[in-house]
Amino acid sequence: MGTLMGVYLPCLQNIFGVILFLRLTWIVGMAGIIQSLLIVLMCCSCTMLTAISMSAIATNGVVPAGGAYFMISRSLGPEFGGAVGLCFYLGTTFASAMYILGAIEIFLKYLVPQAAIFHASDSAMLNNMRVYGSICLSLMAVVVFVGVKYVNKLASLFLACVIISIVSIYAGAMKSMTHPPEFPICMLGNRTLVRDRFDVCAKTVIKGNITVPSQLWDMFCLPGNMSSTQCDDYFIQNNVTEIQGIPGLGSGIIRENLWSDYVQKGEILEKAGLQSVDAHGALENFGMYVSADIATSFTLLVGIFFPSATGIMAGSNRSGDLRDAQKSIPVGTILAITTTSLVYLTSVFLFGACIEGVVLRDKFGDAVRNNLVVGTLSWPSPWVIVIGSFFSTVGAGLQSLTGAPRLLQAIAKDNIIPFLRVFGHGKANGEPTWALLLTGLIAELGILIASLDMVAPILSMFFLMCYLFVNLACAVQTLLRTPNWRPRFKYYHWALSFLGMSMCLALMFISSWYYAIVAMGIAGMIYKYIEYQGAEKEWGDGIRGLSLSAARYALLRLEAGPPHTKNWRPQLLVLLKLDEDLHVKYPRLLTFASQLKAGKGLTIVGSVIQGNFLDSYGEMQAAEQAIKNMMEIERVKGFCQVMVASKVREGIVHLIQSCGLGGMKHNTVVMGWPYGWRQSEDPRAWKTFINTVRCTTAAHLALMVPKNVSFYPSNHERFTDGNIDVWWIVHDGGMLMLLPFLLKQHKVWRKCRMRIFTVAQMDDNSIQMKKDLATFLYQLRIEAEVEVVEMHDSDISAYTYERTLMMEQRSQMLRQMRLSTAERQREAQLVKDRHSLVRMGSLYSDEEEEVVEAPPEKVQMTWTREKCEAERRNRNNAPENFRELMSLKPDQSNVRRMHTAVKLNEVIVNRSHDARLVLLNMPGPPRNTDGDENYMEFLEVLTEGLERVLLVRGGGREVITIYS
């Protein structure tokens, strides 16, 4: 099909509709010519701007069936596409209800008034509409079900009816310049009377030279009685006059109709220029006057008129049948909107210039003997308009009932909304049977509302929502300059799209703010539903491009420098160990990470596969998928990175160096404790751990080692009481303070109390230390109990000597193991046996990972300034207390260190044996690698007898501040 038959005429047929014939005269009467022109201009400008955006999208590639839905979903993604597609579907479905209500109104009011079933009550008309509307909907649904080809064949006939009707209006307006049609209106004072209730517009009539009361007199007075005492006051005091209903184009009536005349519900229609005596009329005579059936306002009229500007998608919906869609759609649609806009604007002018104001405001033509008000102006007869408009509304209703199920079927077939799948099926020839059934049910809801003026604003909302997103789609694609955005239609601009979008939004709230909120709520719920439930679709949509642009912009902004202390939060790199089957060995590490993050900040989950990248690529992808699945189970929001390296140690170093991008880099490493390192004959596991500790320190990263991670709570557990104990031995920038606070944000730890322990020696003022620490915590806005534990110097116990001896013997023996495999196994077993005699070894361990020692000048001792200065003075002296553990120097005796570890462990176990979690400063590894094994032993002794321990090492910067 070409532009004329394929786009222009279908658009004309869809745009011209029931509102033009049934409501435009009434809108002109209520709003006046100036405000009516404004309403038409607003609505038509909105659709014109949308058509420009739509043309750009439609000419950027092939648009198959589904029209607006397809364009938006492929431009803005399945979430927006589904939400807008369903809005468009609901709009089209309610449009069919509106057209049917219009057809029934014409049928009952103007064609066959005697067909009414209900009479003489306020709701009689509404009930008649409901009954006949439901019958009409059922018949139309059957026609659509039997065969769409009949609907398409009749389309041209219905369009001819519309064009003939419009031509007859113009002909009648031109003729009214010289020969205005005879439609007299009867006025009582300045009030308009219902004309079909009486025969002669006079109080009395002369019959055979005798003046007798007219039918009108009998209506307002006691019948047969000429006495004025028995009459309605207003009737007696005011004259009955007859004025011309259609004065004609040359009458100058246009001056009276320029300005608005809004009325309240039940207000009698009055003509301003007529003389009237204000008297109290009887209530029983109220039915004699023409009155307003609803309260009117500018905003209400906008909502009622807007549906007559919709229908611009008709061409794009037929894009599959067009010879050259990319040329026909823009030309045909824009020409159709231009034509219809001109017709509306001239119609507003002609109605205001030809028809008396009270007739214009008379919605159902009661003042002109129940004629259709537009019909009174038409030539050669009012019946041309009545019959033409009836057939055109029936045709438009059939078109809507045909189009809506196909749109729903297109959405269902895309499989983005799971519960709609059933509507994707239909008859063998593809006709959407189930979708038609649902469409009929929704349209029935519209028909049960039974008022054209109530249904019109509802479908205005849905169409405006759809047009808003068409404009948004065009604007997003234009601003992002995506490489695939190459529309053949060149006359678009992002500013026009934004203007169109703004107008759509403004019109939504102007016409009905509460309907607008409901429509947006429906669209929002559908959007969220598709986001959470819908199938993943990759359509290369603009929102994905927008996300990329926003991410790039944000990353570039982050490059400015490190975050301020106030914004510091742990950005985690979680190092995971995989078993032989590529399953995560300790998933509780991920659980701990999710509890610490509570969905905020950055989490990168890394792992290393030993091997050659070329050979292990498939294995790497499988590992990545396994980690992603585990992250989903543990609700960790973050990224996954698997590294293939010839040595695990090197892979971890690469991860620590290269993970993250720009300002989005990790500042904290989380790794597990090396399980069973004592029993392992292969020292690489714990060597890798210590190497990682060194690397994180060198990179100035913080380190967390959850020990006994298998005993950490899952996300489904809840601690209803208990303590999180912080043993603050060395000032590490506040990491130890911040971590419990962050953990307590999660529901698992929320009910736990926080206790902070610091250790005092004999020469410290422990009371002052406690006071200082409490003040500091108060300034940090952290609620915690403060306790100062005094450590007394004591003799080195026999247990300490024995423990040290076993440790050194084991180290020495393992160093000598440069023997054959069999001997090596025998030696290792011997060491294990010997060690198990004395060992009170830790009950459990974790995974593999490492930390480095911060430079000594960055380490401050707990608390007071005097202590800091004393530490600086004594830096070169060998410390004689438990803090030796924190700065292991190779020249200190192992016995002394072991003594410190044992004493500190005794104190910690004594105070925190029942704590839910114990946080400890993690000492740095020795500078000399020969002491690595001793370092591991010290850590074991330090944490012995504690169920859940988190070893923490700061990254050498302040992470918490007292300032706001």
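Colleague: Which residue of β9 stands opposite Leu573?

Modeller: This is a predicted model: local features need pLDDT of at least 70, side-chain atom pairs count only at pLDDT 80 or more, and totals for chains, interfaces and linings use all residues. Numbering starts from 1 along each chain as its sequence is written, and side-chain values use heavy atoms, leaving out hydrogens and water. Strands β6 (residues 572–576) and β9 (residues 668–671) pair in the parallel sense over 4 bridges, where pairing requires that DSSP finds at least two bridges between two strands. Opposite Leu573, in β9, stands Val669.

Colleague: Which strands stand at the edges of the sheet of 10 strands?

Modeller: Strands here are DSSP runs of E with at least two residues, and helices are runs of H or I with at least four, both numbered from the N terminus. The sheet is open, its pairing is mixed, and the order is β8-β7-β6-β9-β10-β17-β16-β11-β13-β14. An edge strand has a single partner, so one side of it is left without a neighbour in the sheet. The edge strands are β8 (639–645) and β14.

Colleague: By how many degrees are neighbouring strands of this sheet turned against each other on average?

Modeller: Each axis is a line fitted to C-alpha atoms, for helices over the stretch in contact, and angles run from 0 to 180 degrees between N-to-C directions. For this average, direction is ignored. The average turn is 20 degrees.

Colleague: How many residues of β13 are buried?

Modeller: Strand β13 (residues 753–760) pairs in the parallel sense with β11 (residues 723–727) over 5 bridges, and Trp727 stands opposite Phe757. With β14 (residues 785–790), β13 also runs parallel, joined by 6 bridges; there Val759 stands opposite Val789. Buried means under 20% relative accessible area, exposed over 50%, and partly exposed in between (1.4 Å probe, protein chains only). Strand β13 is mostly covered, and its buried residues number 7 of 8.

Colleague: Is Leu441 buried or exposed?

Modeller: Leu441 is found in helix α16. Thr93 is 348 residues away in sequence but 9.5 Å away in space, C-alpha to C-alpha. At 56% relative accessibility, Leu441 is exposed.

Colleague: How do α3 and α12 run relative to each other, roughly parallel or roughly antiparallel?

Modeller: Helices α3 (residues 24–58) and α12 (residues 325–354) pack with their axes 9 Å apart, at an angle of about 175 degrees. Angles under 35 degrees count as roughly parallel, over 145 as roughly antiparallel, 65 to 115 as roughly perpendicular, and the rest as oblique. Helices α3 and α12 are therefore roughly antiparallel.

Colleague: How many charged residues belong to the contact of α3 with α12?

Modeller: Ala, Val, Leu, Ile, Met, Phe, Trp, Tyr, Cys and Pro count as nonpolar, Asp, Glu, Lys and Arg as charged, and the others, Gly among them, as polar. The contact has 21 nonpolar and 10 polar residues. As for charged residues, there are none.

Colleague: How much space lies in the largest cavity?

Modeller: On a 1 Å grid over the protein atoms alone, a cavity is a set of points where a 1.4 Å probe fits but cannot get out; lining residues have an atom within 4 Å of a point. Points are joined across faces, edges and corners, and a volume is the space filled by probe spheres set on them. The count comes to 6 cavities of 30 Å³ or more. The largest has about 60 Å³.

Colleague: Which elements give two or more residues to the lining of the largest cavity?

Modeller: The lining includes Val144, Phe145, Arg406 and Thr433. By class, the lining has 5 nonpolar, 1 polar and 3 charged residues. The elements are α6 (124–146), α15 (382–414) and α16 (433–449).

Key: 1 Å grid on protein atoms, 1.4 Å probe; cavity = no way out; pocket = protein on both sides within 12 Å on 5 of 7 lines; lining within 4 Å.
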